[in-house]
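Please open the model in a viewer and follow the selections below in order. The tour concerns how two chains meet.

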Amino acid sequence: MTAVRTMVVWCLDWPVVAAGCESDDVAAVFVANRVVAASAAARVAGIERGLRRREAQRRCPHLLVFDRDEAREVRIFEEVVRVVERYTPRIEVTRPGQCAFATRGPSRYFGGDHALADLLSEAIADVLAGRTEVRIGVADGPFAAALAARAAQAERTGCAIIEPGSVTDFLHPLPVTALERPELTDVLLRLGLRTLGAFAALPATDVLGRFGVEGREGHRLANGLDALPPDGRIPPPDLDVSIELDPPIERVDQAAFVAKTLAEQLEQQLQHEGVACTRVAIEAETEHGELLVRLWRHEGALSAAAVADRVRWQLDGWLNAAPSARPSGGLIRLALVPDEVIAAAGRQLGFWGGETAADERAARAFARVQGLLGPDAVRVPEWSGGRQLGDEVALVSAAAVDLAERSLRPVAADAGSIGVGVEAPWPGRLPRPAPSLLHASPLLVDVLDAAGDAVHITGRGLASAAPRTLVLADRRRLRVTAWAGPWLVEERWWDADRSRRQARFQIVTDDGGARVVMRESGQWWEVAAYD
Amino acid sequence: MFDTGPVVVRPPVPERIKQLKPLVLAREQVVAVADELSALFPAGGLRRGSSIAISAGPGGGSRTLTAGLLANATATGSWAAVVGVPGWNLAAAAEQGVSLERIAIVDRPEPASWATVVAALIGACDVVVAAPPPRVRAALVARVQARARERGSVLMITGGNATASAGLVRQADVHLKIESRTWRGLGVGHGHLRAAQATVEVTGRRQAARPRRFDLWLPGPDGRVGVVSTVADAGRGHDTAAARDAGPRTRRLRSVG
């Protein structure tokens, strides 16, 4: 059975458009320090997806840098979806910037796929008003249609139409990475299967046996079929959840709160039935009887948090639209209808390593604390490597990393081989053990010799005299019982602003404390202590 | 000495109890520490639901000792959360055996929300290291301790540098106090710090009431925290008096359990 004939409307570089850039601005949108989208002008300057921010700014110093704001992307994309809605109902938003719908009805009405695509591309070009270009792809199945949209050329009015039945001819020469399943395609490439055709030629049973469910899905897509066999997707009738809103809701923040509970309720219901949802319809009804419906699709299964996000974005799009398009009253009913469901494969918690119940529990607690104190309040360490104290380990927000994923990394038994950064030689690093207390900003101290004068560093890099007394930041005087140094570090001597020249000492005082003190720019600083 | 008498005969008894008892009672479930350090704790490890106070003299060492106690737990998959301990160099913690994949650092919260934050982490993380804000009410700490008891997490109260007030220390089930610390490896103008030897006094409530002293590496030449050698019961007058007071009580509790 072939897949449903689908039209995909794709607006190029949507995150950049949503950030408010014109098409000739040199701009890029970043998530977690990596480029996720770049404007056409930026691409010419060599900015590509996945590039680090620093590298991107090196290639293109006048690059405009934006953080991703998906809520805004959806809100602005709603204008485009509303245009498409004039031609057909039941549009599903795959992600902001891309939507899809079945063409069977509308193409027959408007006189064929070509006519419909031309109509749509003109109407969308009007609403986009030159901010970006639109590409339209029509093929059997949403996967092939999305690839067709990407293959569409601007000069052919931005439309690519793959005739019915010839979808495999279109798909088979494409590289296997088009599946966008990095773990699977990585293995396939190493097996020498470079095109979708080569992968599709394998027997389906062997693919299922070797690569499991993910492999089967990829194989079906490569053959121009739907990812899932059609029998697995009949939603049981009573899975929708809805809520009556009294008083009616007019603000997005109120609606977001409701969306969260509703999404959790939906997930519980789905779990109870042992299914997961791949497409959900968000329905809202206003005081004056208007019914707003929008479908959202997700490649994997939609989790409660993902559904809640999409509901919030969608409501934001509806409630904050231009006054002419805005619903005329507050929302009185909100419903989530799981439109396509698949049997939930479940998640097997790891027995050895991997994701454990403890990780999940911890992640939930950290999310709670982040709710209390702010998103950056909980941080987890990552190895970075460096010469200065405190450079070896960087703290990153726990919200930005997958806590379970981290645990998959090899944990070495001895500290010497934990990560690349630690293993790399950093000449000038203090010898082990590392001091356990680092002062956020160095404390101004004084190191005196036997005569009571400040010790200084000679031109040959030696201490002018043996340190005898350490005067702490709180003016307490401690007798020095043992010391060693100076260890000289001269960094970035070529850069006037960032160059550092310092001499470090280890000092043990008569109270039993050990400290790292440093002489830099004519002053003594306490930088760390062995607590 | 005359008052070491009962101590000499005691060691076989816990062994015998261990052999006779078939079950692990809920209050005896522990978060394991390195084998060497298990002697520090009456339960042989960090008893779930208990609280442990760590304080240090001017020589410091509380961060190193805390890391040594967390090492085994984090390496075996337990999560540890550290609340309000500023400036902890986790590279040092990793040298002392802490698995950085299982540790989370929480910024120092406002004093008003300290208890809420710690309570949220208790239960989710097996070990919660928390530095109470200055002048915290003892009742608040007691509430947090009660939650740890209920949820089976280990609460480590550390004050950074000797700021753990006397009241908090008295509330803890086990109190580890770093008394003196001697560094090795650093000469006058030569060498570098290699290891530190410290005397740690272990006191506490119930089974831990009898003060004991241990010589620990904080850290040792291999970077880890370990025991140098056990020092016999403290010879000081008030310590032995406390030991005599605690003796019968300890025995009574054991026979009930």
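Begin with the interface of chain A and chain B in this predicted model, across which the rule finds three salt bridges. To view one of them, select A:Arg379 and B:Asp107 and display their side chains: these meet in a salt bridge at 2.9 Å, N to O.

Next, display polar contacts between the two chains. With both residues at pLDDT 80 or more, 19 residue pairs are in polar contact between chain A and chain B.

Now colour chain A by element. Those giving two or more residues to the side that touches chain B include the helices α14 (357-373) and α15 (403-406), and the strands β13 (378-383), β15 (437-448) and β17 (477-491) are also among them. Select α14(A) in particular, since the largest share of this side, 10 residues, comes from that helix. Colouring by residue class shows 33 nonpolar, seven polar and 10 charged residues on the side of chain A that touches chain B.

Move to β13(A) and select residues 103-106 of chain B, strand β5, along with it. The two strands pair in the antiparallel sense over two bridges. Within this pairing, A:Val378 has B:Val106 as its bridge partner.

Finally, select the whole contact: 50 residues come from chain A and 52 residues from chain B. About 4200 Å² is buried between the chains, with carbon and sulfur atoms giving 60% of that area. On chain A, highlight A:Pro433, A:Ser436 and A:Asp531, which lose the most area to chain B and together make up 14% of what that side buries.

Terms used: Residues are numbered from 1 along each chain as its sequence is written. Chains are lettered from A and ligands numbered from 1 in the order in which they are written. This is a predicted model: local features need pLDDT of at least 70, side-chain atom pairs count only at pLDDT 80 or more; totals for chains, interfaces and linings use all residues. Side-chain values use heavy atoms; hydrogens and water are left out. Contact means heavy atoms within 4.5 Å. Buried area is the accessible area (1.4 Å probe) that two parts lose on being put together, summed over both. A salt bridge is a side-chain nitrogen of Lys or Arg within 4 Å of a carboxyl oxygen of Asp or Glu. A polar contact is a pair of N or O atoms within 3.5 Å; within protein, one must be able to donate a hydrogen and the other to accept it, and residues adjacent in sequence count only if both atoms are side-chain atoms. Helices (H or I, at least four residues) and strands (E, at least two) are DSSP runs, numbered from the N terminus. Ala, Val, Leu, Ile, Met, Phe, Trp, Tyr, Cys and Pro count as nonpolar, Asp, Glu, Lys and Arg as charged, and the others, Gly among them, as polar. Two strands pair if DSSP finds at least two bridges between them.
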